[in-house]
Amino acid sequence: MPEPATALARYRRMAAMRAFDEACLEALRRKAIHGELHVGLGQEAIGAGMAEALRPEDAVVSTHRNHFHALAKGVDRRALLAEICEREAGLCRGRGGHMHPFDPETNFSATGIVGASLPVALGYAHAFRMRGEDAVAVGVTGDGGSHTGGFHEAMVMAGAARLPMVVLVENNALAISVNFEDVSPTNTISERASAYAAKGLRVDGTDVDAVAEGFAEAMGHARAGKGPVILEATCHRFRGHFEGDPEGYRSREERQRLREEFDPIALYGARLADAGLAEPALQEAIEAEEKAAMKEILQEVLALPMPEASGALLYRFVEEAPA
Ligand SMILES: Cc1ncc(C[n+]2csc(CCOP(=O)(O)OP(=O)(O)O)c2C)c(N)n1
C-alpha cells in the first residue's frame, strides 16, 4: 500500500471521476448532451493512476472515452462539463463537445477518430525533443485503436527516434462489439513493444496502485530519453460502448458480473478498509462529497447559455471561402 495520504487521494480521484461521468449521464437524461456519449465507468483506476506522474508540461492526447484522462491532466471539471453540454463557457466554447475537448492550458486534447490520438501525441513528443524539453507525450488508445495504422506508424517513428512517448492502451477487451481475443495477433498488446524498440509494460487496470506504479515507470523511462513505452492496462467497461448501445454482444448477467467482480473503486475500498486506512463510512463520505460537488457543477452548467446560432461560423481556420 502507498502512504495513507496517497492512498486516500487515489480513492478520491476515482470517486471524482465516477461522479463526473454520472453527472454526464444525468445531463444526457436531461437532454443537455446531443451527440454520442462514451463514459468510462469501470476504468477510473486508469485515470486516477495516471494523475500523479503527469507534469503540467506533459501532453495527453485521448480518445472518444476521454473524461477521466482530462481530469487526470488537471482540466477544470466545470469547463469540461460545460463543453460536453455544448455551452459557450465550455473549454472550446461548446464547439468541440464530448469527443473533441482541447485545453492548451493543460496540454490536453482528444479525438473521436480511433487511433488518431497517437500520431498527434507523436507530434508533441517530436516537439518536446526539438525544443530540448524533458516533457513526455501520452497517447491514449483502446485495444481497438491498437489495431490501426496510426498506432503502427506512430510507434515506428517513436521507436526509431527514441521519442519521449507513452502509449497507454486501455484494453477493456471490447472494441464496440469486437472481442479482443478474436482479432488480436498477440495475446497482449504490450508484447508488441519489442517490434518498435519500445518498452512494454502490462498492468491490472482495475488496480489503481498497479496503474500508478506502471505509469510512473513508463513516464520515467520516456522522460529519461530511453524511448517510447507501450503501457497496457487491462480493464472492463461497465456500460455500453456508447449510451444507447443495445449491447447485443453480451448478456446483462455478464455485465453485472464484471461490475460485481472488477469495480476499481469497490476493490480499492476493500483494500483501504483491510489496511485500516479508511472505514466504509469514510469512503461513503468521500463519494458523497464528490457526487455533491458534481451535482452543483451540473446545475450551474445547465443554467449557462449555449452558443448563439449566429456564431456558428466563428473560430474557423479560414474566415472566408476562396473566391
Ligand atoms: C477511424 C475510426 N473508425 C471507426 C470509428 C468508430 N468507432 C468509434 S469507437 C470504436 C471502437 C473503439 O474501440 P477501442 O479502441 O477498444 O476503445 P473503447 O471504446 O473500448 O474504449 C469505433 C470502431 C471511429 N470513431 N474512427
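**Close-up views of a predicted model**

Tyr315 is exposed, with 11 other C-beta atoms within 10 Å; here a residue is exposed if 12 or fewer other C-beta atoms lie within 10 Å of its own, buried if 20 or more do, and partly exposed in between, with C-beta atoms placed from the backbone. This is a predicted model, in which local features need pLDDT of at least 70 and side-chain atom pairs count only at pLDDT 80 or more, while totals for chains, interfaces and linings use all residues. Residues are numbered from 1 along each chain as its sequence is written.

**View A. Tyr315 and Ile176 both have a positive phi.** Most residues other than glycine have a negative phi. Tyr315 has a phi near 60 degrees and sits in the segment after helix 11 (280-302). Helices are DSSP runs of H or I with at least four residues, strands are E runs of at least two, and both are numbered from the N terminus. For Ile176, phi is near 55 degrees. Ile176 belongs to the loop between strand 6 and strand 7 (178-179) and is partly exposed, with 13 other C-beta atoms within 10 Å.

**View B. The shell around the ligand has 17 residues.** A residue counts as near the ligand if its C-beta atom, placed from the backbone, lies within 6 Å of it. Which residues come nearest? They are Val114, Gly142, Gly144, Gly145 and Ala175. Strand 4 (137-142) and strand 6 (174-175) each provide at least two residues of this shell. By type, the shell holds five nonpolar, eight polar and four charged residues; Ala, Val, Leu, Ile, Met, Phe, Trp, Tyr, Cys and Pro count as nonpolar, Asp, Glu, Lys and Arg as charged, and the others, Gly among them, as polar.

**View C. Seven strands make an open, mixed sheet.** Follow the strands in the order 2-3-1-4-5-9-8, and you will find strand 2 (102-103) and strand 8 (199-204) at the edges, each pairing on one side only. Two strands pair if DSSP finds at least two bridges between them. Strand 2 runs antiparallel to strand 3 (residues 108-110), and two bridges join them. In this pair, Phe102 stands opposite Ser109. Helix 5 (residues 117-131) packs on the sheet, where it touches strand 1 (59-62), strand 3, strand 4 and strand 5 (165-171). Contact here means C-beta atoms, placed from the backbone, within 7 Å.

**View D. Strand 9 is mostly covered.** Six of its six residues are buried. Val229, Leu231 and Ala233 point one way from strand 9, and Ile230, Glu232 and Thr234 point the other way. Strand 9 pairs in the parallel sense with strand 5 over six bridges, and Leu168 stands opposite Leu231. Strand 8 also pairs with strand 9 in the parallel sense over six bridges, with Asp204 opposite Thr234.

**View E. Pro228 is buried in the loop between helix 8 and strand 9.** How many other C-beta atoms lie within 10 Å of Pro228? There are 31. Beyond residues up to four places away in sequence, Pro228 touches several residues, among them Met155, Leu163, Val166, Tyr196 and Ala222. Val166, in turn, is in contact with residues including Val136, Val138, Met219 and Leu231.

Note on methods. Two residues are in contact if their C-beta atoms, placed from the backbone, lie within 7 Å. Axes are lines fitted to C-alpha atoms, for helices over the stretch in contact, and angles run from 0 to 180 degrees between N-to-C directions.
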